[in-house]
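Please find below my notes on the model you sent. They are set out as numbered points, to be read beside the sequence and the coordinates.

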Amino acid sequence: MTPPTDSPTDESTAKRAVVLLSGGMDSATAAAEARDRGYEIYALHTSYGQRTEDRELECARRLATEFDAADFLQIETGHLAAIGASSLTDDEMEVAAADLESDEIPTSYVPFRNANLLAMAVSYAEANDCEAVFIGAHSEDFSGYPDCRPEFFEAFENVVDVGTKPETDVSIEAPFVDWSKTDIAERGVELAVPYEHTWSCYRENEPACGTCDACAFRLQAFRNVGVRDPIEYAERPSYADGEP
């Protein structure tokens, strides 16, 4: 794994990028990657009725400060929750326990969420003369979420090219799209990502449950890189065995 790195530029010459900053592990690492590539960060956080939206917002704000973001924009939108059909936004649906081997689309899938989020991010990018939009999606996401596949991001970039001003040139950057969660954790440790200020749990604001898919993949990744996950968990199941 040899991700590209560029020396950050000074503020007067920095490129600009919108980073979809959910407050989670992947988006925090994407922000660190963008900064490492010399981008000035414009952080975009969306609250769409997800169960842990308060904790995610708290983490996103802290991360934006940690990464010296030029701007932080929170957008509140209720339409994804109103549409429903996801255990992240519908209290009547149970968040399933982790199943790390499943190839089925999980109940946590929010229908076409990334298209919605990227559309807002591109609007924000075009309005602020940003050259890129960074999103932290990765290979273990697209095994279950259709809007995390490489071909989705390629297609969306074509939409951006057609649907923005002629002089606008915004790339969709998914730097981890072919990586595993373990690869992301390794890169994040290398970039000194403050993971203590991130939140991944689908169920709880404090402590993390440790048993949903998001917690499971996160704990497994930290175990694989030999680093103890710095956030608190109600339970650290077998997939965290051997974690320092």
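**Notes on the predicted model**

1. Asp-36 counts as buried, at 17% relative accessibility. This is a predicted model, and the remarks that follow should be read accordingly. The side chain of Asp-36 meets that of Arg-187 in a salt bridge, at 3.1 Å from N to O. Because Arg-187 lies in helix 7 and Asp-36 in helix 1, the pair ties together parts that are 151 residues apart in sequence. Arg-187 also counts as buried, with a relative accessibility of 1%.

2. Asp-36 and Arg-187 belong to a wider network of salt bridges, in which they are linked with Glu-33, Arg-37, Glu-173 and Glu-190. A search of the whole structure gives 10 salt bridges. As general background, side chains of opposite charge can pair when their charged atoms come close.

3. Helix 1 and helix 7 are also joined through Asp-26 and Lys-181. These two residues form a salt bridge whose closest N and O atoms are 3.0 Å apart. Asp-26 lies in helix 1 (residues 25-36) and Lys-181 in helix 7 (residues 181-190), so this pair ties together parts separated by 155 residues in sequence. Both Asp-26 and Lys-181 are buried.

4. A further salt bridge is formed by the side chains of Glu-40 and Arg-16, at 3.7 Å from N to O. The pair links distant parts of the chain, 24 residues apart: Glu-40 belongs to strand 2 (residues 39-47) and Arg-16 to strand 1 (residues 15-20). Are the two partners buried or exposed? Glu-40 is buried, with a relative accessible area of 17%, whereas Arg-16 counts as partly exposed at 29% relative accessibility.

5. On the cysteines, a search of the whole structure finds zero disulfides. Cys-201 is in no disulfide, and the nearest cysteine sulfur, that of Cys-209, is 3.6 Å away. Because a disulfide is counted only when the sulfur atoms are within 2.5 Å, the separation of 3.6 Å does not qualify. Cys-201 counts as buried, at 2% relative accessibility. Cys-215 is likewise in no disulfide; its nearest cysteine sulfur is that of Cys-212, 3.7 Å away. Cys-215 is buried, with a relative accessible area of 1%.

6. Cys-215 is one of the buried residues of helix 8, which also include Asp-213, Phe-217, Arg-218 and Gln-220. Of the 12 residues in helix 8, 10 are buried, so the helix is largely enclosed by the rest of the structure. Helix 8 (residues 213-224) reaches 16 Å from its first C-alpha to its last, close to the 16 Å expected at 1.5 Å a residue. Just after helix 8, Gly-226 takes a positive phi of about 75 degrees.

7. The final point concerns helix packing. How are helix 4 and helix 6 placed, in terms of angle and distance between axes? Helix 4 (residues 113-127) and helix 6 (residues 150-163) pack at an angle of about 40 degrees, and their axes are 11 Å apart. That angle makes helix 4 oblique to helix 6. The crossing of helix 4 and helix 6 is right-handed.

Terms used. Residues are numbered from 1 along each chain as its sequence is written. This is a predicted model: local features need pLDDT of at least 70, side-chain atom pairs count only at pLDDT 80 or more; totals for chains, interfaces and linings use all residues. Side-chain values use heavy atoms; hydrogens and water are left out. Helices (H or I, at least four residues) and strands (E, at least two) are DSSP runs, numbered from the N terminus. The expected span of a helix is 1.5 Å times one less than its number of residues. Buried means under 20% relative accessible area, exposed over 50%, partly exposed in between (1.4 Å probe, protein chains only). A salt bridge is a side-chain nitrogen of Lys or Arg within 4 Å of a carboxyl oxygen of Asp or Glu. Axes are lines fitted to C-alpha atoms, for helices over the stretch in contact, and angles run from 0 to 180 degrees between N-to-C directions. Angles under 35 degrees count as roughly parallel, over 145 as roughly antiparallel, 65 to 115 as roughly perpendicular and the rest as oblique. A crossing is left-handed if the near helix is turned anticlockwise from the far one by less than a right angle, and right-handed if clockwise.
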